[in-house]
Structures are given as C-alpha cells and as structure tokens.
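Here are my notes on the model you sent, set out as numbered points. They begin with the charged pairs and end with the surface.

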Amino acid sequence: MAYDNGLQGAHLFINVPPEERAPGHVNNADHDTIKAHIELYNSILEDYVAAFAERNPGASVLTFDAHSWFNEVLDNAAAYGFSNITGYVCHSQVLRGLLTARHRIRYCTCTDSSYFWYNTGHPTEHVHRLLAEAIEDSLKTASRLSW
C-alpha cells in the first residue's frame with residue numbers, strides 16, 4: 001500500500017523473531033502454537049516480499065531475517081555477551097506491586113546487559129543495539145552490492 005501511495009524508494013521487510021524462545025513461552029502450553037504461527041507468518045511474508053519485488057521492479061526491496069538472527073544470538077549467547085537467555089531482568093516484585101503497567105515500563109530499567117530478555121517477551125536494550133548494528137551492516141552490504 002505504501003508503494004502505491006507514493007513511497008517508492010527502498011522497502012525493508014523484517015520477519016518475526018522466535019518468540020517461542022522468550023521466557024513467557026518456553027515452558028508454556030502455547031509454545032508449539034506460537035512457534036507454528038510465527039513460522040507460518042514468516043513464510044507468508046517471504047512469499048509476499050518476493051511477489052512485491054516482482055510487481056515493483058523499480059523498488060529497492062530489502063529483507064532482514066530477524067528470526068535467524070535471534071536464533072544465532074540465543075544459540076551462541078556467550079559470544080554476544082549474554083549469560084542469561086532464559087530469565088528476564090525486569091522482575092522486581094516491589095515495582096510490580098507499586099506501579100501500574102503504564103508506569104512500570106518507565107521505572108523498570110534494564111541495567112544488567114548479561115540478560116537477553118527484558119521481560120517475558122521483549123529483549124533488552126543490549127539486544128536492540130546488537131540488532132540495530134546487524135540491520136545496519138545488512139543495509140550497508142546491500143548498498144554496496146547495488147552499486
């Protein structure tokens with residue numbers, strides 16, 4: 001839709017990371033369902049991106065495989081500076097008891113970069129920084145290849 005409405009430059013598509021590996025899903029009954037839904041979504045997205053690129057040959061169509069990237073980092077956590085990939089850093093019972101959900105996010109900060117997960121389903125700031133670097137490297141590589 002964006003392309004059809006004038007946004008005809010570069011388009012970056014990022015697939016869904018393996019949320020089933022997050023602490024909120026690892027040992028839960030929904031683990032297999034979450035995994036299957038993400039795999040299905042990512043497959044549909046891959047097909048969509050290929051069709052989009054074919055329909056719009058003038059567009060720069062880029063993809064970043066966040067699913068594989070997350071798996072790589074989680075499978076080799078120590079190499080990326082993580083010592084805890086199953087727990088999460090934001091778990092203060094005091095904060096949970098005193099603050100509403102809206103305010104908890106603001107006051108529950110991650111100061112331990114050895115954790116991969118911030119809470120039961122979101123990565124820490126350290127993960128976001130590494131992910132941003134990986135996406136930047138991917139974009140730079142794509143840019144060099146297009147020259």
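1. A term first, since the helix pairs below depend on it: helices are DSSP runs of H or I with at least four residues, numbered from the N terminus. The model is a predicted one, and on this assignment the protein has five helices and four strands, which follow one another along the sequence as β-α-β-α-β-α-α-β-α.

2. The count of salt bridges comes to three. Which partner does E125 have? E125 pairs with R129, and their closest N and O atoms are 2.6 Å apart; because the two residues are four apart in helix 5, about one helical turn separates them. E125 is partly exposed, at a relative accessible area of 45%, while R129, at 51%, is exposed.

3. Helix 5 also holds E136 and K140, again four residues apart and about one turn of the helix. This salt bridge has its closest N and O atoms at 3.4 Å, and its partners are partly exposed, with relative accessible areas of 40% for E136 and 42% for K140.

4. The salt bridge between D75 and R21, with closest N and O atoms 2.9 Å apart, links distant parts of the chain, since D75 belongs to helix 2 and R21 to the loop between strand 1 and helix 1, 54 residues apart. D75 is exposed, with 52% relative accessible area, whereas R21 is partly exposed at 24%.

5. Helix 1 covers residues 31-55, and its 25 residues reach 36 Å from the first C-alpha to the last, close to the 36 Å expected at 1.5 Å a residue. Its buried residues are I38, N42, L45, V49 and F52, and the elements covering them include strand 1, strand 2 (60-64) and helix 2.

6. Why does V49 count as buried? Its relative accessibility is 9%, and buried means under 20%, so V49 meets the cut-off. Neighbours within four places in sequence aside, V49 is in contact with F13, V61 and T63; the C-alpha atoms of V49 and F13 are 7.5 Å apart, although their positions lie 36 residues apart along the chain.

7. The largest nonpolar core has 16 residues, of which F64, W69, F70, F82, F116, V127 and L131 touch the most other members. Helix 2 (66-75), strand 4 (115-117) and helix 5 (125-145) are the elements that give two or more residues to this core. A second core, separate from it and made of five residues, includes L45, V49, F52 and A59.

8. What does F116 touch, residues up to four places away in sequence not being counted? The list is F70, V73, L74, F82, N84, I85, P123, T124 and V127.

9. On the surface, L12, I14 and L139 form a nonpolar patch with about 220 Å² of accessible area together. L12 is found in strand 1 (residues 10-14), and with a relative accessible area of 36% L12 is partly exposed.

10. For the protein as a whole, 30% of the 147 residues count as buried, and the accessible surface comes to about 9600 Å², 54% of it belonging to carbon and sulfur atoms. Among contacts between residues at least 6 apart in sequence, 70% join residues at least 24 apart.

Definitions and conventions: Residues are numbered from 1 along each chain as its sequence is written. This is a predicted model: local features need pLDDT of at least 70, side-chain atom pairs count only at pLDDT 80 or more; totals for chains, interfaces and linings use all residues. Side-chain values use heavy atoms; hydrogens and water are left out. Patches are made of residues with over 30% relative accessible area and no salt bridge: like charges are joined within 9 Å, nonpolar side chains (Val, Leu, Ile, Met, Phe, Trp, Tyr) within 5 Å. Accessible areas come from the Shrake-Rupley method with a 1.4 Å probe; for residues, only the protein chains shown count as cover. A salt bridge is a side-chain nitrogen of Lys or Arg within 4 Å of a carboxyl oxygen of Asp or Glu. Buried means under 20% relative accessible area, exposed over 50%, partly exposed in between (1.4 Å probe, protein chains only). A nonpolar core is a set of buried Ala, Val, Leu, Ile, Met, Phe, Trp, Tyr and Cys residues joined through side-chain atoms within 4.5 Å. Contact means heavy atoms within 4.5 Å. The expected span of a helix is 1.5 Å times one less than its number of residues.
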